[in-house]
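Q: Can you walk me through this one? I'd like to start with a helix.
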Amino acid sequence: MAGPPTPFSWDFVTPGLPDGAFADAPGFSPTPMELRVMLLAHLRPRADSLVWDVGGGTGALALEIARLMPAGAVHTLERDPEAIALLERNRQRFGIANLHIHAGAAPDDLELLPPRPDRVLLEVGRPLGAVLAAVWQALQPGGRLVISTASLEGLVDATDTLSQLAARDVQVVQATVHRMQRRGSQAKLAAAEPLFLIAAERP
């Protein structure tokens, strides 16, 4: 059995916790730091925001958000028990009290989250029409939604659904991170999996 997580201290005010700061597990790795910064920039949380993070994974992005808005709260919904255990381990490691973890799947278990969020982060790997419609209905008017997906199906589904919902300020970005890796005397750029980022505001 794993012992208590090693505490981690990060004194900088900027977002972008290093990937190595997060505990991981086989099949689970944090969203790369550069992509987390982009997602945060589009989410635009306020100091006292109520944020839904639907599909929490390792919790890297949820933790980034929570530490930047101590007067607010982040509620993450995750269905995978192993991911939930990892998310809780990371929450303890950073000593974050305003991140709340809920076991469940969208859209059926969205009712477990506190109502009327003003910011929603939706992380998906499949078409998401029904989930997106439910999340949009819960979002406060004037609130922001940021969707991240690695699939073309997710991108098409998201943009088509947002068009039907008359979303404002829809932005679509494809982000790819390349990092230098050294092997012996050679240096190469290695690419992380590309990510589609879709941001929108509810009228």
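Q: Which residues of helix α1 are buried?
A: In α1 (residues 33-43), the buried ones are Leu35, Arg36, Leu39, Leu40, His42 and Leu43. Buried means under 20% relative accessible area with a 1.4 Å probe, protein chains only; helices are DSSP runs of H or I, at least four residues, and strands are E runs of at least two, numbered from the N terminus. They line one face of the helix, because seen down the axis of α1 they fall within an arc of 165°, taken from the directions from the helix axis to the C-beta atoms.
Q: Is this a predicted model, and what are the cut-offs?
A: This is a predicted model, where local features need pLDDT of at least 70, side-chain atom pairs count only at pLDDT 80 or more, and totals for chains, interfaces and linings use all residues. Residues are numbered from 1 along each chain as its sequence is written, and side-chain values use heavy atoms, with hydrogens and water left out.
Q: What do the buried residues of α1 pack against?
A: Their partners are β1 (50-54), α2 (60-68), β4 (119-124), β5 (144-149), β6 (168-175) and β9 (195-201), with contact meaning heavy atoms within 4.5 Å.
Q: And what follows α1?
A: Arg44, with a positive phi near 55°.
Q: Switching to α2: why is it largely enclosed?
A: Seven of the nine residues of α2 are buried, so the rest of the structure largely encloses it. Among them are Leu61, Leu63 and Ile65.
Q: Which elements do the buried residues of α2 pack against?
A: α1, β1, β2, α3 (81-94), β3 (99-103) and β4.

Methods:
Buried < 20%, exposed > 50% of the residue type's maximum accessible area, 1.4 Å probe, protein only.
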